[in-house]
Amino acid sequence: MLHFINKGLSVLGLQLNQCFFMNDSLAGRMHPINRALSVLGLQLSRMSDEIRKFQEEYERNYEHVIRNGRGFRAIKHFRYMGGGAHPTSISGLHTEFVSYHLYKAKPKKVLDIGSYRLYILGLLAHYDVTTIDFRERKSRLENETIVTSNARALDLSDHSFDAVVSMAALANFGLGRYGDEFDLDADIKAVNEMIRVLKPGGLLIFEANIANTEPTILWNRARVYNLAMIRHLCADLDCVEEKFFKHRPLRDCSFEELATDPEHFDSYMGCWRKK
């Protein structure tokens, strides 16, 4: 459907795209047309010369596709992901940081709390991994141990793991976003539990939302920390490495470059060692 609409809009140098996330602050700065379209998950933008050129080639090449001579039926499903640098994502930067430190440490026992599922599946190709979920879940993999537990009170023994990993989770604990119980201190309790189950010398590797401003709760989406608050959570640990990543545009950054608007937060990655 979008292809046919965009074919008409291309005459005006415009294109209609899917818009996956919109917050109130961003919506307030949008053109009235895009504000209305955002309700449908759509956004209108100017078409670049690169995309316009590709679309012309697309129409020409479609005639060859129709006459492919191999028995394929031809149906238009327009896609374009070319041009510019190789695409990456914030989750890719997060997982790269974790992989670097796990590779160096070579832990025997790994606990993951709330990270990206695809990354956990990658870990399971190399490690026996224990994962935490407050909802009942089963795994198809024999080297994954699932513990149904709340991150605030882990049903695990002290000093059990060589590494604890947590991405895309800490900022959400206790806000009810995933059906969990409301608890404003759930993040503090969860970090204390992660530290408790770590062996001495073990690594805590985690991700958090960060902005260079006062700590903020985007109710009930997530917490946004400042650096002082994150370091306070890890006060009893030794810092191995800290990194910051900007979300817009996506790249490594210094502390001074972090967003000052908490609604447009950036990412913190930390690797800390238990004493």
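Colleague: Which residue stands opposite L198 in β7?
Modeller: That is F161. Keep in mind that we are looking at a predicted model.

Colleague: And what stands opposite L204 in β7?
Modeller: There you find V164.

Colleague: How many bridges join β6 to β7, and are the strands parallel or antiparallel?
Modeller: Five bridges join β6, residues 161-166, to β7, and the two run parallel. With helix α7, residues 186-197, these strands make up a right-handed β-α-β unit.

Colleague: Which strand pairs with β7 in the antiparallel sense?
Modeller: That would be β12, residues 266-274, which pairs with β7 over eight bridges. One of the partners to look for is S267 in β12, bridged to N209.

Colleague: Why is β7 described as largely enclosed?
Modeller: Strand β7 covers residues 198-210, and ten of its 13 residues are buried, so the rest of the structure largely encloses it.

Colleague: Let's zoom out. In what order do the strands of the open sheet come?
Modeller: The order is β5-β4-β3-β6-β7-β12-β10-β11, eight strands with mixed pairing. At the edges are β5 (144-148) and β11 (250-253); each has a single partner strand, so one side of each has no neighbour in the sheet. On average, neighbouring strands are turned by 20° against each other, ignoring direction.

Colleague: Which strands does α7 touch when it packs on that sheet?
Modeller: It touches β3 (109-113), β6, β7, β10 and β12. The direction of α7 makes about 155° with that of β7.

Colleague: What does helix α5 lie across?
Modeller: Helix α5, residues 90-105, lies across β6, β7, β10 (237-247), β11 and β12. It runs at about 155° to β10.

Colleague: Now the inside. Which residues of the largest nonpolar core touch the most other members?
Modeller: Those are L111, I113, V164, F173, L204, F206 and Y268, out of 36 residues in that core. You have met V164 and L204 already, as the pair standing opposite each other.

Colleague: Which elements give two or more residues to this core?
Modeller: They are β3, β6, α7, β7, α8 (227-233), β10 and β12. Helix α7 gives the most, with six residues.

Colleague: What is I113 in contact with, leaving aside its neighbours within four places in sequence?
Modeller: Its contacts include I132, L154, V164, F173 and M194. Apart from the largest core lies another one, of 19 residues, among them L102, V110, L124 and C271.

Colleague: Changing topic: is T130 buried or exposed?
Modeller: T130 is buried, at 11% relative accessible area. You can find it in strand β4, residues 128-133. Not counting residues up to four places away in sequence, T130 touches V110, L111, D112, T145, V147 and F161.

Colleague: And where is I120?
Modeller: I120 is in helix α6, residues 117-123. This residue counts as buried, with 5% relative accessibility. Beyond residues up to four places away in sequence, I120 touches D112, S115, T131 and E144. I120 and E144 are 24 residues apart in sequence, with their C-alpha atoms 9.4 Å apart in space.

Colleague: Which peptide bonds are cis?
Modeller: One is the bond from W219 to N220, with omega near -10°. N220 is found in the loop between β8 (216-218) and β9 (222-224). Another is the bond from R248 to P249, with omega near -15°, and P249 lies in the loop between β10 and β11.

Colleague: What about K106, what is its phi?
Modeller: Phi of K106 is near 50°, a positive value in a residue other than glycine. K106 lies in the loop between α5 and β3 and is exposed, with a relative accessible area of 53%. H159 also has a positive phi, of about 50°, although it is not a glycine. H159 sits in the loop between β5 and β6 and is partly exposed, at 45% relative accessible area.

Colleague: Last one: what is the mean pLDDT of the chain?
Modeller: The mean is 90, and 89% of the residues reach 70 or more. Over residues 20-26, though, the pLDDT is below 50. Where pLDDT is low, the predicted coordinates should not be read in detail.

Definitions and conventions: Residues numbered from 1 in each chain as written. Predicted model: local features only at pLDDT ≥ 70, side-chain atom pairs only at ≥ 80, totals over all residues. Heavy atoms only, no water. Buried < 20%, exposed > 50% of the residue type's maximum accessible area, 1.4 Å probe, protein only. Helix = DSSP H or I, 4+ residues; strand = E, 2+ residues; numbered from the N terminus. Pairing = 2+ DSSP bridges. Right-handed = clockwise from strand over helix to strand, strands pointing away. pLDDT = per-residue confidence, 0-100. Contact = heavy atoms within 4.5 Å. Axes fitted to C-alpha atoms, helices over the stretch in contact; angles between N-to-C directions. Core = buried A, V, L, I, M, F, W, Y, C linked by side-chain atoms within 4.5 Å.
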